[in-house]
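Biologist: Please take a close look at one part of this model for me. Then work outwards from there, and explain each term as you go.

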Amino acid sequence: MGEINRRIFEKRTLSYLGDHKMEGALVLSDQIVSCLKELEQEAKFLACYEKYALSWDSSIDLGSSGETSSSGGTFPSDEVCSGAVRIEELDLTLPSADLQAILAGCTQICVIASTLGVAYERYAKRVMSMDMSHGVVLDAAASAYLECLTDDFTEELGLGPHTFRYAPGYGDLDVTYNVPLMQAIRADKRIGITHTGGGLFLPQKSMLGLVGFAPAAASGAGDAFPVDRCEHCIKRESCEFRAAGTRCFART
Amino acid sequence: MSENRKNNLLARLNRDFLLFDGGMGTQLQNAGLKAGQIPEELNLDQPELIQTVHSNYLKAGADFITTNTFGCNRLKMADAKYSVPEMIKAAIDNAKKAQEACGRTEDSYIVLDIGPIGTMLKPLGTLPFEEAYELIAEQIEAAGTGVDAILFETMTDVYEVKAAILAAKEHSDLPIFTTMTFDKTGRTLTGTNVETFVNIVESLGVTMLGVNCSLGPKELAPIIEDLLQYSHVPVMAQPNAGLPNFKHGETVYELTPEEFVKDVKYYMENGLAVCGGCCGTTPDFIRELHKNRPKAVNVRTNPYIPKVSSATRTVTFDGHVIVCGERLNPTGKKKMQAALKENHLDEVIAEGIRQEDAGAEVLDVNVGLPGIDEAAMMVKIIPMLQEVINLPLQIDSSSADALEAACRIYNGRPLINSVNAKPAVLDNVLPIVKKYGGVVIGLTLEEEIPLLAAERVELAKRIIDRAGQEGIRPEDVIIDCLTLTASAQQKEVAETLKAVRAVREMGHHCVLGVSNVSFGLPYRALLNRTFLTMAIDAGLDLPIMNPLDTQMMACVDAANLLLNYDKDSTCYINKYANASDASGISTNAVNSGAGAGNGAGDAGAGTSGSGTAGAQTAAGAGAGFDLSYMIKKGMKNEVQAQTKAELERSDAMTLINDVIIPALNQVGKDYETGKIFLPQLIQAAETTKLAFQVVQETFSASDEEKKGPVIICTVEGDIHDIGKNIVKVVLESYGYDMIDLGKDVKAEEVVDAYKKYAPKAIGLSALMTTTVVNMQKTIDALHAAGITIPVWVGGAVLTQAIADEIGADYYAEDAMGTVRQMDQIIK
């Protein structure tokens with residue numbers, strides 16, 4: 001992987017720590033730079049993916065029409081995308097109104113898994129044992145680092161116009177769907193991500209995302225998202241991003 | 001398998017060059033297996049298909065066929081329509097039918113294939129070691145005597161491999177083959193390199209070891225070379241058919257059989273005993289291997305050097321001086337005793353980290369204390385240490401039960417401290433050493449310590465001979481000639497050195513507890529480091545000592561340079577480039593400082609070295625900031641000196657109520673109003689804790705000042721503990737006595753902890769929606785046990801509504817919210 005975009009990395013790290021006033025942010029700036037160096041040293045970024053054709057299971061009514069936002073959606077919204085998203089090749093139905101809306105117009109889905117590896121996990125635990133204050137900054141920085149590297153990885157796949165990365169567990173798609181998706185792309189064997197029965201990733205700094213794309217669609221479609229993607233989110237009521245007038249999925 | 005058949009196989013291994021089969025999954029996918037389908041069900045649904053795959057490999061020339069049971073464990077087969085035993089028995093039956101159909105029942109072997117369990121073991125994951133053991137044992141039990149050998153393959157966690165090998169050893173007497181998967185960096189995904197893998201599994205007694213999967217033969221060449229360099233048992237390799245490419249949503253391997261064989265042929269002729277194929281390989285690959293295989297194995301003879309390992313680091317007894325840190329031992333250490341008794345194990349862990357940072361290569365772990373269940377404490381603390389410390393551990397106990405429990409749970413190849421020449425001790429402990437593959441320390445004493453060197457050497461010989469009878473290599477016994485105290489037995493100090501010299505001349509490595517020499521005398525540091533230097537000259541290469549004593553560490557560093565182990569003086573120059581000859585060795589240049597002064601003081605070196613830390617903090621105290629400012633700014637390095645200074649002007653309670661608590665409250669308010677971030681709140685909380693430590697020293701009965709105790713943990717199934725740890729630190733800074741049960745804690749353990757500690761409140765944390773159910777389970781268990789103290793819950797997915805629903809008494813949104821609530825709960 002090449003170098004990450006430091007500005008985005010720093011901004012995301014601060015976001016994970018909570019959007020506070022400038023006084024606190026300035027104090028943490030040097031520490032975040034230090035965390036980046038530690039991550040470059042200790043983390044071992046690994047990612048893998050598989051692409052699948054999408055279909056729709058219209059027998060499942062999710063109570064949503066799959067509309068895209070009035071502000072940006074450029075995937076062909078007049079297509080029939082009703083019902084639940086289905087990956088026929090995996091014999092897997094994803095009963096999610098979020099996904100139904102997000103993937104409207106997409107013809108394919110890319111399942112991406114990524115991780116910072118076990119060595120980082122050990123290192124983070126060690127830092128936390130000796131200096132919890134720094135450990136908390138490192139944890140936020142690691143989340144931002146994983147996202148930035150996964151963004152770069154996604155872009156290098158050459159999917160063309162695509163949706164943002166949607167992660168089971170953060171919307172109305174249950175976190176347990178991580179299990180069959182991880183198994184399908186063999187993330188355990190390829191990059192060492194395993195899971196608990198409840199869909200919890202091991203190592204902890206790992207993620208799985210679903211990216212919709214349509215090779216023939218018009219450019220700019222990657223900005224498309226439904227009006228209220230937070231509708232089903234577990235943190236909707238307590239979300240610091242929403243409180244600050246932004247969204248966790250906002251790119252910069 | 002009959003004894004004859006087993007002997008035949010063992011005789012052929014490492015004599016005849018033998019072939020494994022190739023990929024099973026690839027063959028099944030070609031036959032129409034769909035993603036998501038369970039391959040092991042085919043053993044019953046399409047037995048002919050499985051038999052055909054086996055037959056094709058046998059016809060191509062394979063000597064070993066692996067059963068179609070790669071993922072056939074209870075966890076992975078949870079959704080299968082057949083039971084694990086049914087599928088395993090059918091798989092073996094299919095392999096046997098293929099042998100019969102090909103007329104190869106006599107000259108081919110069936111191997112029970114066991115792949116990774118599919119989830120990570122504790123402490124990094126949630127699967128307990130013994131449960132992993134049980135899952136593997138079930139598979140081995142199901143296979144019974146229907147196979148000729150057991151193969152553990154594609155595992156990436158050597159801890160899982162250890163559980164598997166133990167399960168095999170305790171449930172069968174079949175030959176055990178073990179291959180792991182390594183990446184291009186030469187390590188498994190969990191960080192184990194080839195040398196460490198070989199040291200661990202060979203010492204556990206595997207018949208053959210090797211590598212499979214992940215890379216093609218060309219990329220695996222350095223891995224195979226390392227395996228051949230380090231192993232003393234036959235080596236096997238099963239590469240993939242090159243590196244995978246992804247085309248049209250499918251994984252494609254593009255190496256041809258000819259290219260595959262070309263890349264692996266050199267190793268077939270130079271040490272490999274067995275070769276086969278993994279992903280992407282087919283009967284054509286095995287046929288090509290058969291065509292090109294040498295008739296006999298080109299057997300290697302590698303020298304044997306004793307080594308101990310953690311999962312990620314191996315320490316070799318090659319003659320260099322290896323420092324074993326002595327500080328994880330409660331003997332004579334009040335803080336360590338209190339930490340073990342009060343379950344404040346994070347302090348023990350921190351002491352381990354400090355020793356690793358100071359340059360120790362091995363850490364001694366002793367938890368022997370009246371009132372402590374030593375075996376249970378070993379099982380608890382060893383995984384906690386191994387989660388954050390890379391060093392191999394020296395398991396130290398006089399109890400055989402504690403040694404066995406510790407060796408079993410230990411991830412790696414342990415150093416075991418110790419046996420002596422008493423027959424009963426040898427009888428009890430040596431079988432444990434053999435079973436778990438340890439390197440053992442032999443104390444040269446029987447009923448008492450002999451005074452003369454020659455007598456101690458005789459006891460050393462007796463221990464080594466007795467170990468040999470148990471099948472333990474003589475090199476794996478490290479001899480302790482025992483340091484005597486100069487104040488009481490001055491004459492015998494020289495006898496110890498004489499014995500060390502004699503034992504080294506016999507070719508054995510030597511260990512000594514160095515600082516015993518100075519008990520009862522002033523200026524112990526001088527005696528310790530002088531004796532250390534003399535003992536190293538005599539041949540000591542494993543001093544058990546305090547690595548935080550920078551001057552003793554300097555002696556070791558100098559010795560390793562002068563004895564030509566520190567090649568080109570690299571380590572020495574790195575550490576001492578800024579040290580001054582004129583002023584002696586600057587401790588600042590040697591050590592990052594954490595605990596350097598404390599450690600030297602505890603070991604009795606205070607007269608020479610303990611002033612450093614004090615001087616540094618005194619400088620901080622003179623910087624002109626008051627205690628309130630230091631807490632608000634989180635000035636951890638300076639706060640204790642300033643607290644001491646302010647205690648000279650004010651009594652303790654006034655300082656707490658008028659300075660410390662208001663400062664901390666201000667920080668909390670700044671956090672809640674968005675002026676500072678969470679790490680700054682934590683920094684202030686940790687600073688406050690340090691100030692409290694100084695203040696508490698002035699209390700006559702400090703327990704009365706503590707609030708609580710309060711139990712806190714992350715519930716079963718959840719391993720996210722950052723939030724829980726933050727709440728703990730902040731509550732501690734407000735004076736609460738926190739009992740931390742850790743993460744992934746079962747409901748019964750919380751109930752047991754209540755009975756043990758009688759807390760005033762219990763806090764439960766969970767991050768995932770899927771583990772909130774275990775929060776409720778814990779609350780229900782507490783209620784069922786008649787426990788009515790307040791339970792508060794917190795975590796990212798929790799809300800007041802959920803807290804009410806699951807029966808919690810309080811919900812806290814964050815750490816400061818918990819403080820407010822706790823002030824209400826515990827008044």
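Modeller: I start with one strand of chain B, then move outwards.

This is a predicted model: local features need pLDDT of at least 70, side-chain atom pairs count only at pLDDT 80 or more, and totals for chains, interfaces and linings use all residues. Residues are numbered from 1 along each chain as its sequence is written, and chains are lettered from A and ligands numbered from 1 in the order in which they are written.

The part is strand β23 of chain B, residues 761-765. Helices (H or I, at least four residues) and strands (E, at least two) are DSSP runs, numbered from the N terminus. Five of the five residues of β23(B) are buried. Buried means 20 or more other C-beta atoms within 10 Å of the residue's own; exposed means 12 or fewer, and partly exposed lies in between, with C-beta atoms placed from the backbone. A761(B), G763(B) and S765(B) point one way from β23(B). I762(B) and L764(B) point the other way.

Now the strand's partners. Two strands pair if DSSP finds at least two bridges between them. Strands of a sheet pair through backbone hydrogen bonds, either parallel or antiparallel. β23(B) runs parallel to strand β21 of chain B (residues 707-715), joined by five bridges. There, L764(B) is the bridge partner of C713(B). β23(B) also pairs in the parallel sense with strand β24 of chain B (residues 791-794), over four bridges. In that pairing, W792(B) of β24(B) stands opposite G763(B).

A helix belongs to this picture too. Helix α32 of chain B (residues 769-784) makes a right-handed β-α-β unit with β23(B) and β24(B). Right-handed here means that, with the strands pointing away from the viewer, the path from the first strand over the helix to the second runs clockwise.

Next, two residues from other helices of chain B. L731(B) is found in helix α30 (residues 722-733) of chain B. L731(B) is buried, with 23 other C-beta atoms within 10 Å. A contact needs C-beta atoms, placed from the backbone, within 7 Å of each other. Leaving aside neighbours within four places in sequence, L731(B) is in contact with V710(B), Y736(B), M738(B), T818(B), V819(B) and M822(B). The C-alpha atoms of L731(B) and A685(B) are 8.3 Å apart, with their positions 46 residues apart along the chain. Q696(B) sits in helix α29 (residues 678-696) of chain B. Q696(B) is partly exposed because 15 other C-beta atoms lie within 10 Å.

Elsewhere in chain B there is an open sheet of eight strands, with parallel pairing and the order β1-β10-β7-β6-β5-β4-β3-β2. Its edge strands, each pairing on one side only, are β1 (18-19) and β2 (64-66) of chain B. Within it, strand β3 (residues 109-114) and strand β4 (residues 149-155) of chain B pair over four bridges. I114(B) stands opposite F152(B) in β4(B).

Helices of chain B also pack on one another. Helix α6 (residues 129-143) and helix α7 (residues 158-171) of chain B pack at about 45°, with axes 8 Å apart. That makes α6(B) oblique to α7(B). Angles under 35 degrees count as roughly parallel, over 145 as roughly antiparallel, 65 to 115 as roughly perpendicular, and the rest as oblique. Axes are lines fitted to C-alpha atoms, for helices over the stretch in contact, and angles run from 0 to 180 degrees between N-to-C directions. Residues making the contact include F129(B) and I136(B) of α6(B), and L166(B) and H171(B) of α7(B).

Helix α15 (residues 400-409) of chain B is mostly covered, with eight of its 10 residues buried. L403(B), C407(B) and I409(B) are among them. The buried residues of α15(B) pack against α6, α14 (374-388), β15 (393-396), β16 (415-420) and α16 (423-436) of chain B.

Finally, chain A. Chain A has eight helices and eight strands. Of its 252 residues, 50% are buried. An open antiparallel sheet of three strands in chain A has the order β1-β5-β8. β1(A) and strand β5 (residues 108-115) of chain A are joined by eight bridges. K51(A) stands opposite C110(A) in β5(A). The contact between the chains takes 47 residues from chain A and 46 from chain B. On the side of chain A that touches chain B, α4(A) gives the most, with 10 residues.
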